[in-house]
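Colleague: I'd like to learn how to read a model like this one. Could you take me through it feature by feature?

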Amino acid sequence: MQLDTIAAISTPMGEGAIAIVRLSGEQAIEIAGRLFQGVGGKKLTDVASHTIHYGHLIDPRTEEVAEEVMVSVMKGPKTFTKEDVVEINCHGGLVSVNRVLQLVLNAGARLADPGEFTKRAFLNGRIDLSQAEAVMDLIRAKTDRAMNVALGQMEGRLSRLISRLRQEILETLAHVEVNIDYPEYDDVEEMTHQLLIEKAQYVREEIKKLLQTSQQGKILREGLSTVIVGRPNVGKSSLLNSLVHENKAIVTDIPGTTRDVIEEYVNVRGVPLRLLDTAGIRETEDIVERIGVERSRQVLKEADLILLVLNYADDLTVEDENIFKAVEGMDVIVIVNKTDLPQKIDLDRVKDLAKDHKLVTTSLLEDVGIDELEEAIAALFFAGSIEAGDMTYVSNSRHIALLNQSLNSIEEAITNVQAGVPIDIVQIDLTRTWELLGEIIGESVHESLIDQLFSQFCLGK
Ligand code: GDP
Ligand code: ZN
């Protein structure tokens, strides 16, 4: 495949002092070579692969030194894209790195699309489908944690896990094959059944574990849908504003504000929240109020997290109690706001209503209690053993669908073995599971199963 040479700023995450402009393609070394002036007249086109060179970039139009750089030259196919790759390390400032990029573009490279280096790596067979998809997630990732998930996947964590499961299935299938070939040995059959059940159950549990992470993964990527509810005037809008102001608002390409529900994206201690304030509507006229209540109910049903706001300086009302009923069974944090004012609320009653839910008191006016609230949100999300970073999250909907199908077919296999169904039927279920898992990492050619069985286990008929 003949592809043009692309370039982009590709500074590693979190680095500041140095920036990198990366080129990839047939012309990468030549283009960089036109700009580079090394010590003692060294030419980039002459250097060995995987070497790094100190020098300057010269602007061909002015013939003046534009930048002081270190240039890495890496010839394909031993590169990320399998193409020739040049990385120009320059000073980290925005001006500097943009100037380098501009020089490179003027010298004949094309600006890369987002994810294009990875797309090439995939096209050139360097990475599998799930890794390529991870990069697209990475580009969309809204918080550090979401980014770590995507990074982990890109490094092939998910692929390795899936490959391991497929290997288990393959080995099991090899045993089944032996059983089919030598049906006269009773103990072989005995063993095969035992082994089949054990292996299939193991695979099932691993798939289940992966699926359990999918909710977390989705949340990390799309934000925890968080609804602020409460009577008029308790401080819902103020809460939304505080959370937005205290935290880095997340830039998103999803349209923010709908007509009757206000939406904001914020990053609270690594947890991306999609905040919805259902307020406003009910504070106006009757008809609008009714529409608002309908809409609010709908929004409530779809929420991952409820922030229920009460007024410290007012008695609890029937409406407050109704809101508690409406959010029963959901993840709720109860916020008693306006503690700067004299208390009127019955806190014991609030504690009764709140049951196991976390209760936080705030004065949004005086900026008190927001920290505690944020801690409560983070604790809810990252409860127990779930630690982002060292987990393989599944967040891609195609992967989730395939995992669900795999789960079905492995369960079918287990049911069949247990029911004493002929083993070659079970073999079909297992093969199906193997194929479905393979689709996640983009490799599932039916014939290759047979090939692998032979090459790996030398069943040699
Ligand atoms: P919403 O109707 O629930 O959205 O409530 P708002 O956020 O619009 O707040 C209603 C009023 O209460 C506004 O005048 C706010 O300034 C005020 N308010 C919000 N939080 C506090 C607080 O902690 N203490 C006091 N004293 N007033 C507050
Ligand atoms: Zn409001």
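Modeller: Let's go through the ligand shell, the record's sites, two helices and the cores. This is a predicted model, where local features need pLDDT of at least 70 and side-chain atom pairs count only at pLDDT 80 or more, while totals for chains, interfaces and linings use all residues. Residues are numbered from 1 along each chain as its sequence is written, and chains are lettered from A and ligands numbered from 1 in the order in which they are written.

Colleague: How many residues surround ligand 1, and which are closest?

Modeller: A residue is near a molecule if its C-beta atom, placed from the backbone, lies within 6 Å of it. Here 17 residues surround ligand 1, with G235, K236, S237, S238 and L365 the closest. Helix α8 supplies the largest share of that shell, three residues. Helices are DSSP runs of H or I, at least four residues, and strands are runs of E, at least two, numbered from the N terminus.

Colleague: What does UniProt list as "binding site"?

Modeller: UniProt positions use the numbering here, feature names are shortened, and annotations may be inferred rather than shown by experiment. From an unreviewed entry, UniProt lists S237 and T258; the "binding site" feature is also placed at N233, T252, I254 and T257. S237 lies in α8, whereas N233 sits in the loop between β8 (224–229) and α8 (236–246).

Colleague: Why does N233 count as partly exposed?

Modeller: Count other C-beta atoms, placed from the backbone, within 10 Å of the residue's own: 20 or more is buried, 12 or fewer exposed, in between partly exposed. N233 has 14 such neighbours, so it counts as partly exposed. S237 gets that label too, because it has 17.

Colleague: Which residues of α1 are buried?

Modeller: Helix α1 (residues 28–35) is mostly covered, with six of its eight residues buried: A28, I29, I31, A32, G33 and L35. In α14, the buried residues include W434 and L437, and G442, which follows that helix, has a positive phi, near 80°.

Colleague: Which residues touch the most other members of the largest nonpolar core?

Modeller: A nonpolar core is a set of buried Ala, Val, Leu, Ile, Met, Phe, Trp, Tyr and Cys residues joined through C-beta atoms within 7 Å. The largest has 35 residues, and I228, L307, L308 and I335 touch the most other members. β11 gives the most to this core, six residues. A second, separate core of 33 residues includes I6, L23, V97 and L101.
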